[in-house]
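Here is a friendly walk through a few local features, written to be read with the coordinates open. Please have your viewer ready.

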Amino acid sequence: MSSKANLDQLYRQVIMDHYKNPRNRGEIRNGAVAVNMNNPSCGDRIQLHMVVKDGKIDQAKFIGEGCSISLASASMMTDAVKGLPIEDALELSTIFSNMMLGEAYNGDKFDLGDIEALQGVSKFPARIKCATLAWKAMERGLGQEIDDEDLVED
Amino acid sequence: MNVQEIRQQFPIFDQEVNGHPLVYLDSAATSHKPVPVIEKVNDYYRRYNSNVHRGVHTLGNYATEGYEGARAKVRQFIHARSTKEIVFTRGTTSALNLVAHSYGQQVCAEGGEIVITPMEHHSNLIPWQQLAKRTGATLKYIDLKDDGTLDMDDARRKITPETKIVSVVHVSNVLGTVNPIKELARLAHNNGAVLVVDGAQSTPHMAIDVQDLDCDFFAFSGHKMCAPTGIGVLYGKKELLEQMEPMEFGGEMIDTVELHESTWKELPYKFEGGTPIIAGAIGLGAAIDFLNEIGLEAIAEHERRLVQYALERLNEIEGLNVYGPQERSGLVTFNVDDIHPHDVATVLDSEGIAVRAGHHCAQPLMRWLDVTATARASFYLYNTEEDIDKLVDGLVKTKEFFGHVIEG
């Protein structure tokens with residue numbers, strides 16, 4: 001694929017829409033876990049708020065600063081995990097990681113919806129961490145160890 | 001200075017990146033390497049690879065001559081008095097850490113003040129911040145003026161008889177500001193302090209005379225001046241280096257070793273524990289020859305023209321904001337509209353144009369500028385006005401690409 005075609009894949013309309021009109025942008029004041037995560041190599045940062053009830057993610061919102069890819073990904077992630085049981089949210093995160101690495105993934109269990117638009121990121125190795133930042137924050141918020149040494153919790 | 005002839009000596013330009021000729025505008029991060037440097041390093045490994053300072057066999061002698069010959073070239077290049085004042089390090093970062101750990105630890109043992117600036121690269125900020133934490137010394141910052149130059153009135157207030165160390169970047173890697181080193185040296189010395197200079201962004205681009213600058217320490221990296229990565233230099237005045245303790249102990253740096261005591265070699269070897277960076281030093285020597293042949297004055301003049309042209313052309317782009325003073329070294333840091341610099345850099349990359357995007361290892365300066373990140377185009381002897389034209393075209397395309405998104 002030409003670099004122009006790759007670029008069009010990277011910045012698909014649905015991604016730009018999430019960037020311009022982010023879903024779930026904001027804070028949850030009461031009863032939420034808050035996770036700060038940043039990518040020290042570029043300065044992107046996200047603060048993710050989640051309310052977990054009865055083993056499910058009841059609410060998820062985020063604030064932060066970053067490029068189109070990181071903010072669109074945060075918007076899509078919060079949309080996708082709302083209402084999911086913790087195990088499913090973590091499974092979805094693994095699927096997303098594999099998608100970013102350009103590896104095979106089985107997304108049949110989930111309605112990936114807009115998330116699949118981010119597939120193009122896998123062609124841009126320098127941008128993968130932008131896309132995974134919010135997902136790593138979600139994993140951390142659910143008590144998972146993060147094995148990505150390039151992402152730092154504030 | 002014939003730029004086209006110079007470019008032919010850099011094999012990296014014989015390729016296309018993403019289907020376009022490479023436009024490399026990231027030399028402030030690292031420079032490319034010309035054939036004479038690559039060949040000199042190659043030649044060392046092919047013909048006389050050996051350890052240095054072991055004396056007896058023939059190849060060892062060649063290697064020692066190459067390594068010490070490079071030290072002599074560095075001495076001449078920055079006009080130090082003696083090769084004893086030239087310590088090879090891994091780069092600017094390790095040179096500055098050596099000063100902070102060894103000299104800094106000594107003079108700040110009972111507190112005192114360390115004075116730096118908010119425009120420091122992390123490599124000239126964290127070593128002092130951590131030294132202050134270890135010793136209880138006070139870390140002070142000289143204010144910046146709105147245009148990104150140092151407020152020298154504030155420097156006169158901040159540097160006091162309590163000050164032990166003043167450490168300042170010669171040329172800012174973000175703003176391009178060229179700091180008044182001689183004046184800072186006078187201020188530091190009048191108060192009994194030493195002046196440390198981070199020369200990573202100046203040494204590749206302008207003639208350096210450490211005696212004229214009258215700095216006490218001066219650090220720079222080879223890889224930003226056409227030499228390989230992994231080699232750098234710490235210059236220090238002999239009387240200061242002599243009173244300093246080594247930081248790394250081991251082979252190469254000792255005189256005699258007893259079971260419970262050891263003594264160190266003379267300068268500069270006591271700071272070069274372990275097998276040194278032989279190929280890197282030889283490559284640095286070759287890079288110095290290469291740059292000298294073209295002439296640092298000619299390089300500086302070429303970059304002055306480029307940066308003026310870049311500022312003119314970039315000003316044509318609506319919504320483009322340039323940071324830093326008008327009078328600057330060969331780099332331009334900017335943002336375009338509300339487009340995140342990562343997105344700018346990705347679109348430019350698809351056109352074969354390499355720029356840096358991010359915080360440039362200067363997070364406190366980003367906060368001072370009130371931005372999270374910026375894009376930066378930096379120039380060197382192989383760049384042309386055509387490179388800048390392509391950058392401008394690429395930025396116009398970037399604006400078109402994102403324009404419909406941001407404006408809706």
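## A well-connected asparagine in chain B

Let us start with Asn335(B), which touches Gly319(B), Leu320(B), Asn321(B), Tyr323(B), Pro341(B), Val371(B), Ala373(B), Thr374(B) and Ala375(B), leaving out residues up to four places away in sequence. Please keep in mind that this is a predicted model. Asn335(B) sits in strand β14 of chain B, which covers residues 331-336. With a relative accessible area of 11%, Asn335(B) is buried, since under 20% counts as buried.

One of the residues it touches is Ala373(B). Along the chain, Asn335(B) and Ala373(B) are 38 residues apart, and their C-alpha atoms are separated by 8.4 Å.

## Two buried loop residues

Is Ser172(B) buried or exposed? Its relative accessibility is 0%, so Ser172(B) counts as buried. Ser172(B) belongs to the loop of chain B between β7 (163-169) and α7 (181-190). Beyond its neighbours within four places in sequence, Ser172(B) is in contact with Met119(B), Thr177(B), Leu331(B) and Leu365(B).

His360(B) is a second loop residue to look at, placed between β16 (356-358) and α13 of chain B. His360(B) is buried too, with a relative accessible area of 0%. Its backbone deserves a look as well: phi of His360(B) is near 55 degrees, a positive value in a residue other than glycine.

## More backbone geometry

Chain A also offers a positive phi: Asp54(A), which is not a glycine, has a value of about 50 degrees. Asp54(A) is located in the loop between β2 (44-53) and β3 (56-65) of chain A. At 77% relative accessibility, Asp54(A) counts as exposed, whereas His360(B) is buried.

Which peptide bond is cis, with omega near -5 degrees? That is the bond from Leu267(B) to Pro268(B). Pro268(B) falls in the loop of chain B that runs between β12 (262-264) and α10 (278-294).

## Salt bridges

Over all chains, the count comes to 30 salt bridges. In chain A, Asp88(A) pairs with Lys109(A) in one of these, and the closest N and O atoms are 3.2 Å apart. Asp88(A) lies in helix α4 and Lys109(A) in the loop between α4 and α5, so the pair ties together parts of chain A that are 21 residues apart in sequence. Asp88(A) counts as buried, at 18% relative accessibility.

Chain B has a salt bridge between the side chains of Asp216(B) and Lys237(B), at 3.1 Å from N to O. Because Asp216(B) lies in the loop between α8 (210-213) and β9 (217-221) and Lys237(B) in the loop between β10 (232-236) and α9 (238-243), the pair ties together parts of chain B that are 21 residues apart in sequence. Both Asp216(B) and Lys237(B) are buried. Lys397(B) forms a salt bridge with Glu351(B), again in chain B, with the closest N and O atoms 3.1 Å apart. Here helix α14 (residues 385-406) holds Lys397(B) and the loop between α12 (341-350) and β15 (353-354) holds Glu351(B), so the pair ties together parts that are 46 residues apart in sequence. Lys397(B) is partly exposed, with a relative accessible area of 41%. In addition, Asp143(B), Asp154(B), Arg157(B) and Lys158(B) are linked in a network of salt bridges.

## Charges at the surface

Which residues form a negative surface patch? They are Asp79(A), Asp111(A), Asp114(A) and Glu116(A). Among them, Asp111(A) lies in the loop between α4 (86-100) and α5 (128-141) of chain A, and it is exposed, with a relative accessible area of 72%.

In chain B, Asp370(B) is found in the loop between α13 (363-369) and β17 (374-378). Asp370(B) is exposed, with a relative accessible area of 70%. From Asp370(B) to Lys238(B), the C-alpha separation is 42 Å, and the two are 132 residues apart along the chain. Glu327(B), in the loop between β13 (320-323) and β14 of chain B, is exposed with a relative accessible area of 65%. Glu327(B) and Lys33(B) are 28 Å apart in space, C-alpha to C-alpha, and 294 residues apart in sequence.

Note on methods. Residues are numbered from 1 along each chain as its sequence is written. Chains are lettered from A and ligands numbered from 1 in the order in which they are written. This is a predicted model: local features need pLDDT of at least 70, side-chain atom pairs count only at pLDDT 80 or more; totals for chains, interfaces and linings use all residues. Side-chain values use heavy atoms; hydrogens and water are left out. Patches are made of residues with over 30% relative accessible area and no salt bridge: like charges are joined within 9 Å, nonpolar side chains (Val, Leu, Ile, Met, Phe, Trp, Tyr) within 5 Å. Accessible areas come from the Shrake-Rupley method with a 1.4 Å probe; for residues, only the protein chains shown count as cover. A salt bridge is a side-chain nitrogen of Lys or Arg within 4 Å of a carboxyl oxygen of Asp or Glu. Lys and Arg count as positive and Asp and Glu as negative; His and the chain ends are not counted. The place of a charge is taken as NZ of Lys, CZ of Arg, CG of Asp or CD of Glu. Helices (H or I, at least four residues) and strands (E, at least two) are DSSP runs, numbered from the N terminus. Buried means under 20% relative accessible area, exposed over 50%, partly exposed in between (1.4 Å probe, protein chains only). Contact means heavy atoms within 4.5 Å.
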